[in-house]
Amino acid sequence: MHPLLNIGIRAARRAGDIIIRNINRLDSIKVSTKGRNDFVSEVDRQAEADIIETIRRSYPEHAFLAEERGSEGSSEFVWIIDPLDGTTNYLHGFPVFAVSIAVAYRDRLEHAVVYDPMRQELFTASRGVGAQLDGRRIRVSGQRNLDSALIGTGFPFRGKETWLDTYMPMLKAVIASTAGVRRPGAASLDLASVAAGRLDGFWELGLQPWDMAAGSLLIQEAGGIVTSLSGADDYLRCGQILTGNARIHDALSALLSPLLPTEPA
Ligand code: IPD
Ligand code: CA
Ligand code: CA
């Protein structure tokens with residue numbers, strides 16, 4: 001295993017332990033609001049600090065893009081971190097959340113870890129080497145037809161200024177064209193589910209790089225396609241993601257890209 005991935009796994013498991021240790025005291029966890037419906041807790045901050053410290057012990061020169069602390073350092077190696085993806089679920093005791101860690105070298109994602117501390121499932125990928133769940137190779141689903149497909153999504157929820165008006169017709173179109181739509185509530189884990197073939201496809205608008213970085217490499221290494229909703233490669237920058245195996249990706253793209261506004265919302 002590549003040493004960078006090894007350190008990423010160590011950091012993700014430690015963060016997972018912090019998250020689980022605190023689950024018995026959800027009522028007393030200090031929570032603050034970053035914006036409407038956008039919460040951060042002391043657990044997010046503690047997990048993130050621990051991840052950065054764990055990585056820095058092995059790679060003191062590396063840079064970070066982490067959800068709570070923002071950008072730190074300057075290096076060709078950048079660790080992209082969501083210490084607790086699915087904070088709203090976590091704070092309600094709804095057991096769907098994850099730790100997401102990716103490392104990019106010269107702006108290209110190289111290694112990825114998504115760890116689900118409730119199920120103790122570890123999703124990993126390294127560029128060119130494939131994606132694994134608990135060490136076993138995973139592939140995106142072989143689903144050929146959109147009407148039999150199970151599709152994941154995320155609702156825009158952060159305030160009036162979000163993508164809701166663009167999103168609702170998309171949701172309607174996907175519900176009408178597939179076997180079902182799910183909104184689990186932790187984007188990194190949703191993407192890991194696509195990589196493992198548990199979901200046939202996924203789309204969401206208004207995401208941040210740390211929500212998508214690790215999960216997108218998992219999907220690519222599991223044989224799937226990841227683009228923005230307009231089919232471009234800049235999903236990490238523009239924050240919209242559309243993914244699935246090649247057939248489902250293209251079918252979803254045909255359904256959803258005509259519903260994008262010509263000007264960003
Ligand atoms: C959120 C989750 C959610 C997605 C949001 C994300 P957070 O991350 O991934 O599923 O719909 O857009 O911001 O804030 O819990 O780390
Ligand atoms: Ca997140
Ligand atoms: Ca988070």
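The exercises below, each with a worked solution, concern the nonpolar cores, the aromatic pairs and one sheet of a predicted model.

**Exercise 1. The largest nonpolar core**

Task: Determine how many residues the largest nonpolar core has, and which of them have the most contacts inside it.

Solution: Begin with the count, which is 34 residues for the largest nonpolar core, and then pick out those with the most contacts inside it, namely L109, V114, F123, L218, I219 and I241. Next, assign the core to secondary structure: β6 (98–105), β7 (108–116), β8 (121–126), β9 (130–133), α5 (187–195) and α6 (209–221) each supply at least two of its residues. Among the contributing elements, α6 gives the most to this core, with 7 residues. The domain assignment can then be laid over this picture, and it shows that the core draws at least three residues from each of domain 1 (3–137) and domain 2 (146–259). To look at one member in detail, take L218, which, when residues up to four places away in sequence are not counted, touches V114, F123, T124, A125, A131, A192 and A195. Finally, another core of 30 residues lies apart from the largest one, and A11, V99, V103 and L122 are among its members.

**Exercise 2. Aromatic pairs**

Task: Find how many aromatic pairs the whole structure holds, and work out why the pair of F77 and Y105 is classed as it is.

Solution: A search of the whole structure gives 5 aromatic pairs. For F77 and Y105, the ring centres are 4.6 Å apart and the planes stand at 40°, so the pair is tilted, given that planes under 30 degrees apart count as stacked and those over 60 as edge-to-face. The next step is to place the two residues: F77 lies in strand β5 (residues 77–85) and Y105 in strand β6, so the pair ties together parts that are 28 residues apart in sequence. As to exposure, F77 is partly exposed at a relative accessible area of 25%, and Y105 is partly exposed at 29%.

Turn then to F155 and Y167, whose aromatic pair is edge-to-face, with 6.0 Å centre to centre and 70° between the planes. F155 lies in the loop between β11 (150–153) and α4 (164–177), whereas Y167 lies in helix α4, so this pair ties together parts that are 12 residues apart in sequence. F155 is partly exposed, with a relative accessible area of 36%, while Y167, at 0% relative accessibility, counts as buried. Ring pairs also bring in W203, linking F155, Y167 and W203 into a cluster.

**Exercise 3. The five-stranded sheet and its helices**

Task: Establish in what order the 5 strands of the open sheet lie, which are its edge strands, and which strands α4 and α6 touch.

Solution: The 5 strands follow the order β12-β11-β13-β15-β14 in an open sheet of mixed pairing. The edge strands, each of which pairs on one side only, are β12 (180–182) and β14 (225–227), and the twist from one strand to the next averages 15°. Now take the pairings in turn. β11 pairs with strand β13 (residues 201–204) in the parallel sense over 3 bridges, and here G152 stands opposite F202 in β13. The helices can be added at this point: α4 packs on the sheet by touching β11, β12 and β13, its direction making about 165° with that of β13. α6 also packs on the sheet, touching β14 and β15 (241–244), and its direction makes about 145° with that of β14.

**Exercise 4. Strand β15 and its surroundings**

Task: Describe which residues stand opposite or bridge to L242 in β15, and decide whether S253 is buried or exposed.

Solution: β13 and β15 run antiparallel and are joined by 4 bridges, with W203 standing opposite L242. β14 and β15 likewise run antiparallel, joined by 3 bridges, and L242 is the bridge partner of T227. Along β15, I241 and T243 point one way and L242 and G244 the other, and all are buried.

S253, which lies in helix α8 (residues 246–256), touches L229, L242 and P258, not counting residues up to four places away in sequence. Its relative accessible area is 15%, so S253 is buried, the cut-off being under 20%. S253 and W203 are 50 residues apart in sequence, yet 9.6 Å apart in space from C-alpha to C-alpha.

Note on methods: Residues numbered from 1 in each chain as written. Chains lettered and ligands numbered in written order. Predicted model: local features only at pLDDT ≥ 70, side-chain atom pairs only at ≥ 80, totals over all residues. Heavy atoms only, no water. Core = buried A, V, L, I, M, F, W, Y, C linked by side-chain atoms within 4.5 Å. Buried < 20%, exposed > 50% of the residue type's maximum accessible area, 1.4 Å probe, protein only. Domains from an automatic or database assignment. Contact = heavy atoms within 4.5 Å. Phe/Tyr/Trp six-rings, centres within 6.5 Å; stacked < 30°, edge-to-face > 60°. Pairing = 2+ DSSP bridges. Axes fitted to C-alpha atoms, helices over the stretch in contact; angles between N-to-C directions.
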